[in-house]
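Here's a look at the pockets in this fold and the sheet that goes with them. Have the model open while you read.

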Amino acid sequence: MSPLTELAELSRQFEAEAAEVADPAAWEELRIRWLGRKQGIVRARLAAFKEVPPEERRDYGQAVNRLKEQVESGLADLESRLTTAAVPVVEAVDVTLPGRRPMIGSIHPVSRVAADVVEIFDGLGYSVAEGPEIETDYYNFEALNFPPDHPARDTQDTFFLRDERLLRTHTSPVQIRTMKERRPPIRILCLGKTFRHDNDLRHSPMFHQVEGLAVAEGITFGHLKGTLYAFLKRLFGPETEVRLRPSFFPFTEPSAEVDVTCTFCHGDGCQTCSQTGWMEILGAGMVDPRVLEGCGIDPDRYSGFAFGMGLDRVAMNRYGIPNIRVLFDNDERLLRQVKR
Ligand code: PHE
């Protein structure tokens with residue numbers, strides 16, 4: 001057999017052997033047999049070059065190179081076919097299975113109440129003000145007419161921090177910050193987190209308050225009462241009754257505790273309202289002249305009223321939530337229940 005015929009024969013032989021290869025081990029064997037450095041068939045044919053008669057060498061060289069290319073590309077093709085086949089075939093998709101629904105969020109009960117309060121007061125010309133949650137003794141107490149060591153401070157169950165700082169126990173410091181920055185007429189609403197070390201079914205160390213403040217010439221207790229009536233009837237429903245009881249806050253004079261008819265029994269008396277028919281809902285009063293003066297507002301010319309309400313309590317009543325902790329557990333079932 002001439003060297004060239006032999007090469008043609010080898011080419012056919014490689015194709016036949018490659019067709020038999022079905023797994024990576026057989027592929028590796030084929031590679032070594034044909035391209036192995038020591039005894040590979042291609043290498044042996046290249047080495048045989050010098051035994052070929054000089055006049056045939058040109059054709060022979062080209063033919064060996066073609067064989068080498070054929071073997072290399074044949075091996076590469078085989079390899080890619082073997083590795084693709086190794087990927088497991090995915091089972092057919094069952095299009096009749098129910099889909100996975102994305103969870104749709106809903107607004108937290110406290111945020112809902114907050115939004116309602118803002119909307120009501122927006123209609124009365126109030127704007128939203130903000131203040132820091134970490135306060136100084138001055139803004140949380142002193143400027144609000146709580147003298148140092150006065151027993152009224154005890155009612156505030158304060159978390160004290162270092163350097164005369166504390167977690168604000170109410171939103172009232174925002175009254176001071178606003179009155180020091182702005183001149184009357186002032187009508188602001190402040191909503192935010194407040195902190196007291198109190199922890200039971202109806203108290204949480206972190207809770208939410210909304211504070212209202214109006215300062216202008218000629219503001220009277222009648223304006224406070226009218227504002228609260230309008231607000232509370234919008235918030236709890238037109239059939240709601242409102243009553244004011246005399247009370248005390250260092251920063252308001254006179255002061256009142258404000259009750260609404262129980263949202264559960266509508267005044268008949270039940271467990272939630274301890275059989276009284278009323279729910280205590282907010283504190284309010286006329287801004288004490290000393291507080292105005294401390295903020296650089298002339299109490300002979302201006303007067304004002306303020307009120308503060310817990311948002312969590314309102315959310316609990318509205319959505320029938322018996323334990324305040326439920327509001328802050330981050331259990332997504334609560335959001336599903338209150339979604340309307
Ligand atoms: N800051 C008072 C409290 O948290 C509530 C209040 C606000 C009372 C404004 C009167 C006026 O107890």
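The lining of the second largest pocket has 6 nonpolar, 5 polar and 4 charged residues; here Ala, Val, Leu, Ile, Met, Phe, Trp, Tyr, Cys and Pro count as nonpolar, Asp, Glu, Lys and Arg as charged, and the others, Gly among them, as polar. This is a predicted model, where local features need pLDDT of at least 70 and side-chain atom pairs count only at pLDDT 80 or more, while totals for chains, interfaces and linings use all residues. Residues are numbered from 1 along each chain as its sequence is written, and side-chain values use heavy atoms, with hydrogens and water left out.

A pocket is an open set of points on a 1 Å grid over the protein atoms alone, where a 1.4 Å probe fits and protein lies on both sides within 12 Å along at least five of seven lines; lining residues have an atom within 4 Å of a point. Volume is the space filled by probe spheres set on the points, with points joined across faces, edges and corners.

| Pocket | Volume | Lining | Top contributor |
|---|---|---|---|
| Largest | about 1100 Å³ | 45 residues | E8, 7 residues |
| Second largest | about 200 Å³ | 15 residues | E4, 4 residues |

Which residues of the second largest pocket lie nearest its centre? They're Glu 133, Leu 191, Gly 192, Lys 193 and His 208. Helix H5 (109–122) and E4 each supply at least two lining residues there. Helices (H or I, at least four residues) and strands (E, at least two) are DSSP runs, numbered from the N terminus.

Over in the largest pocket, Arg 196, Gln 209, Glu 257, Glu 280 and Gly 283 are the closest to the centre. Two or more lining residues come from each of E5, E6, strand E7 (252–261), E8, E9 and H10. By class, that lining has 17 nonpolar, 17 polar and 11 charged residues.

Now for the sheet. Its 7 strands are ordered E1-E4-E5-E9-E8-E7-E6, open and with mixed pairing (strands pair if DSSP finds at least two bridges between them). Strand E1 (127–129) and strand E6 (242–249) are the edges, each pairing on one side only. From one strand to the next, the twist averages 25°.

Strands E8 (residues 278–287) and E9 (residues 302–310) run antiparallel, paired over 5 bridges, and Leu 282 sits opposite Met 309 in E9. Helix H10 (residues 311–319) packs on the sheet, touching strand E4 (186–195), strand E5 (206–217), E8 and E9, where contact means heavy atoms within 4.5 Å. The direction of H10 makes about 50° with that of E9; axes are lines fitted to C-alpha atoms, for helices over the stretch in contact, and angles run from 0 to 180 degrees between N-to-C directions.
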